[in-house]
Protein chains: 2
Amino acid sequence: MRRSMRKQETPDLGILASRTLFRVQKELFTRLAEEGHPRLRPRHGAVLAYLDEEGSRATDLAAQSGQHKQVIGTLVDELVELGYVERQPDPADRRAKLIVPTRKGLDQMAKADAIMAAIEAAHAHAVGEEAYAEFKRVFALVARRPSAEAQ
Amino acid sequence: MRRSMRKQETPDLGILASRTLFRVQKELFTRLAEEGHPRLRPRHGAVLAYLDEEGSRATDLAAQSGQHKQVIGTLVDELVELGYVERQPDPADRRAKLIVPTRKGLDQMAKADAIMAAIEAAHAHAVGEEAYAEFKRVFALVARRPSAEAQ
DNA sequence: AGTGATGGTCAAGATTAGTGACCAATTGGA
DNA sequence: TCCAATTGGTCACTAATCTTGACCATCACT
């Protein structure tokens, strides 16, 4: 049997992860566009996905999303331009600035969370609620586990 | 509780997929570099991951990897340059060219498959063989499922 | 022969990623 | 109080990556 066929039938973890990621991204942003947020690109998710309602620091967003600070900086520039967030001084540290969602940003965050929940609910319905819950449990472990080299 | 904390503790499918993808990629290419393939970038995976020992057409690689033909073309250029593949005329269709792995390419393919297997074996060992097998089974369904909108 | 579809490349653009240097404010000691 | 090391953030630049449209040769089918 051909290698390409084997990979189709029993894809490895990397292939499954990349297929899932791109599919989820595509669906999420398609739906967001339909629901009044057409200018957002998947890239902006690095900020919006981890943003707190009360505001977050750029450094924290960088750490959580795994992006460089620079990237966060330019994304925030764009999101400010699009009206999703504002930069405010951080009262706790005068070096820092808080990235705070506007009303539009809060709307996006709520909708994005709802869409993701709907996507997952559809998967759960298709494969079975219990099976999906167990899948998520193990996935969380796998995603968190340090690289295999560390063992 | 803060949204960013919730996302940390119960990440959604997209976050899990992206963490897993980047971690796996990083480990795979780090190890490949150690094992004699230092010039390869994750990008090249779109070709090498799906390449058949007998050779594959660019169009097939594009379809399987989800990349545009263009991208495959430039990747193949680079892989030819690096000595991993050759372009050969396809005896079955004079328009087409077969992308055929060289000896070096075959070595890379074998090592990459072995490394991926080792990464997965480590995960399976950590979470339990049965649990991991079930995880993979459900993951394959989720990754294959058409977007939730289709239901 | 003639038409539409397919395999592949060329060219140009927009988007995204990664670097090093830099400044201002904070922290923790001497 | 003052200094050095650290941290939060931006600027400027380069490389890598993705996306599109146009184009030619060949094929499949009439």
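## Exercises on a two-chain model with DNA

In this predicted model, 59 residues of chain A are in contact with 57 residues of chain B.

**Exercise 1. Describe the interface of chain A and chain B by area, by residue type and by polar links.**

Step 1: take the area. The size of an interface is often given as the accessible area lost when the parts come together. Here chain A and chain B bury about 5,700 Å² between them. Carbon and sulfur atoms carry 58% of it. On the chain A side, Arg3(A), Leu13(A) and Phe135(A) lose the most area to chain B. Together they make up 13% of what that side buries.

Step 2: look for polar links. The rule finds 24 residue pairs in polar contact across the interface, both residues at pLDDT 80 or more. Salt bridges between the two chains number eight. One of them joins Asp113(A) to Lys7(B), with the closest N and O atoms 3.0 Å apart.

Step 3: find the elements of chain A that take part. Helix H1 (3-9), helix H2 (13-34), helix H6 (103-127) and helix H7 (129-144) each supply at least two residues of the side that touches chain B.

Step 4: sort that side of chain A by type. It divides into 28 nonpolar, 11 polar and 20 charged residues.

**Exercise 2. Decide whether Asp12(B) is buried or exposed, and list its surroundings.**

Step 1: place the residue. Asp12(B) is found in the loop between helix H1 (3-9) and helix H2 (13-34) of chain B.

Step 2: apply the cut-off. Buried means under 20% relative accessible area. Asp12(B) has 13%, so Asp12(B) is buried.

Step 3: list contacts. Leaving aside neighbours within four places in sequence, Asp12(B) touches Met116(A), Glu120(A), Lys136(A) and Lys7(B). Its side chain also reaches the backbone nitrogen of Gly14(B) at 2.9 Å.

**Exercise 3. Work out how the protein meets DNA strand D.**

Step 1: count the residues. DNA strand D is surrounded by 18 residues. The closest are Thr59(A), Lys69(A), Arg95(A), Arg41(B) and Arg43(B). Of the strand's atoms that come within 4 Å of the protein, sugar and phosphate account for 60%.

Step 2: sort the residues. Three are nonpolar, five polar and 10 charged.

Step 3: name the helices. Helix H4 (58-65) and helix H5 (69-82) of chain A, with helix H5 (69-82) of chain B, each supply at least two residues of this surface.

Step 4: separate phosphate from base. A backbone N or O atom of Ala58(A) lies 3.4 Å from a phosphate oxygen. A polar backbone atom of Lys97(A) is 3.0 Å from a phosphate oxygen. The side chain of Gln70(B) has an N or O atom 2.8 Å from a base oxygen.

Notes. Residues numbered from 1 in each chain as written. Chains lettered and ligands numbered in written order. Predicted model: local features only at pLDDT ≥ 70, side-chain atom pairs only at ≥ 80, totals over all residues. Heavy atoms only, no water. Near = heavy atom within 4 Å. Polar contact = N/O pair within 3.5 Å; in protein donor to acceptor, adjacent residues only side chain to side chain. Helix = DSSP H or I, 4+ residues; strand = E, 2+ residues; numbered from the N terminus. Nonpolar A, V, L, I, M, F, W, Y, C, P; charged D, E, K, R; others polar. Contact = heavy atoms within 4.5 Å. Buried area = accessible area lost by both parts, 1.4 Å probe. Salt bridge = Lys/Arg side-chain N within 4 Å of Asp/Glu carboxyl O. Buried < 20%, exposed > 50% of the residue type's maximum accessible area, 1.4 Å probe, protein only.
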